[in-house]
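Here are my notes on this one, jotted down while going through the model. Have it open next to you as you read.

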Amino acid sequence: MNGLSRGFLLCLLIVSTMTWTGGARAQEQQAWTVQSVSGDAMHSVNGGSAFTLQHGSTVGAGSKVVTGPASRVVLSRGTTSISLSPGSEITIAPSNGSAMTQILQRIGTLLFKVEKRLREHFEVKTPHLNAV
C-alpha cells in the first residue's frame, strides 16, 4: 500500500469514528418523547411553570416530570424508555458535555429499559434505593 492510500484510509477511519461517537452524543442530548400518559402528570423546565404532559410532548434536559397519585407516564428516546408509576418524580439532569444521561429520581417507582452499549451512558441517582 502506498503512502497516499494509507493516508486516505486513516482519514476515513478518523471521520467514521467521529461520526459514530458524535451520533451517540447527539442521541444523549435529544429530547425524550411522551409515549403514553394517563391521569395528571406535569412537566417543568429548570424550576419554571408546570405544564400538563400529553402524548407526543417532548421533555429535555433540565426537565422535571411529576406523576399524580393515579397517573402513569412512559418516556422514550430511541430504544431507551422510562416508565413512571403513580406518585413519582424525576429530573433529567442538564447535559455536562459528556455522553452520560443522568436521571435524578426523587420519589416513586420507575422502570428503565436501557439500550446496551460498550461504554457506560446511563445513570440513575436516588436518595434511597430499594431493590426488589
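1. Start with the mixed sheet. This is a predicted model, and in it 6 strands make an open sheet, running S3-S2-S5-S8-S9-S11, with mixed pairing. At the edges stand S3 and strand S11 (122–125); each has a single partner strand, so one side of each is left without a neighbour in the sheet.

2. Where does the parallel pairing come in? S9 and S11 pair in the parallel sense, over 4 bridges. One place to look is Thr 101, whose bridge partner in S11 is Phe 122. Keep Phe 122 in mind, as I return to it further down.

3. Next, the neighbours of S8. On one side, S5 and S8 are paired in the antiparallel sense over 3 bridges, with Val 66 having Glu 89 in S8 as its bridge partner. S8 also pairs with S9, again in the antiparallel sense, this time over 4 bridges. Here Glu 89 stands opposite Ile 107 in S9.

4. Glu 89 deserves a closer look for its side chain too. How many salt bridges are there in the model? The count comes to 2. In one, Glu 89 pairs with Lys 64, and the closest N and O atoms are 3.8 Å apart. Glu 89 lies in strand S8 (residues 89–92) and Lys 64 in strand S5 (residues 63–67), so this salt bridge ties together parts that are 25 residues apart in sequence. With a cut-off of 4 Å for a salt bridge, I'd check the 3.8 Å contact by eye.

5. The side chain of Glu 89 also meets that of Arg 106 in a salt bridge, at 3.3 Å from N to O. This pair too links distant parts of the chain, with Glu 89 in strand S8 and Arg 106 in strand S9 (residues 101–107), 17 residues apart. Put together, Lys 64, Glu 89 and Arg 106 are linked in a network of salt bridges.

6. Is Glu 89 buried or exposed? Its relative accessible area is 13%, and the limit for buried is under 20%, so Glu 89 counts as buried. The residues it pairs with fall into other classes: Lys 64 is partly exposed, with a relative accessible area of 32%, while Arg 106 is exposed, at 53%.

7. Now the other sheet. It is an open one of 5 strands, in the order S4-S1-S6-S7-S10, and the pairing is antiparallel. Its edge strands are strand S4 (58–59) and strand S10 (110–113), each of which pairs on one side only. Inside this order, strand S1 (residues 32–38) and strand S6 (residues 72–77) pair in the antiparallel sense over 5 bridges. As a landmark for that pairing, Ser 38 stands opposite Arg 72 in S6.

8. On to the aromatic rings, where the count is 2 aromatic pairs. For Trp 32 and Phe 122, the ring centres are 6.5 Å apart and the planes are at 70°, so this pair is edge-to-face. Trp 32 lies in strand S1 and Phe 122 in strand S11, so the contact ties together parts that are 90 residues apart in sequence. Both Trp 32 and Phe 122 are buried.

9. Phe 122 has a ring contact with Phe 112 as well. Their centres lie 5.7 Å apart with planes at 65°, so this pair is edge-to-face. It links distant parts of the chain, since Phe 112 is in strand S10 and Phe 122 in strand S11, 10 residues apart. Ring pairs thus join Trp 32, Phe 112 and Phe 122 into a cluster. As for accessibility, Phe 112 counts as partly exposed at 24%, whereas Phe 122 is buried at 18%.

10. Last, a backbone point. Which residue has a positive phi although it is not a glycine? That is Asn 46, with a phi of about 50°. Most residues other than glycine have a negative phi, hence my flag. Asn 46 lies in the loop between strand S2 (41–45) and strand S3 (51–52), and it is exposed, with a relative accessible area of 62%.

Note on methods
Residues numbered from 1 in each chain as written. Predicted model: local features only at pLDDT ≥ 70, side-chain atom pairs only at ≥ 80, totals over all residues. Heavy atoms only, no water. Helix = DSSP H or I, 4+ residues; strand = E, 2+ residues; numbered from the N terminus. Buried < 20%, exposed > 50% of the residue type's maximum accessible area, 1.4 Å probe, protein only. Pairing = 2+ DSSP bridges. Phe/Tyr/Trp six-rings, centres within 6.5 Å; stacked < 30°, edge-to-face > 60°.
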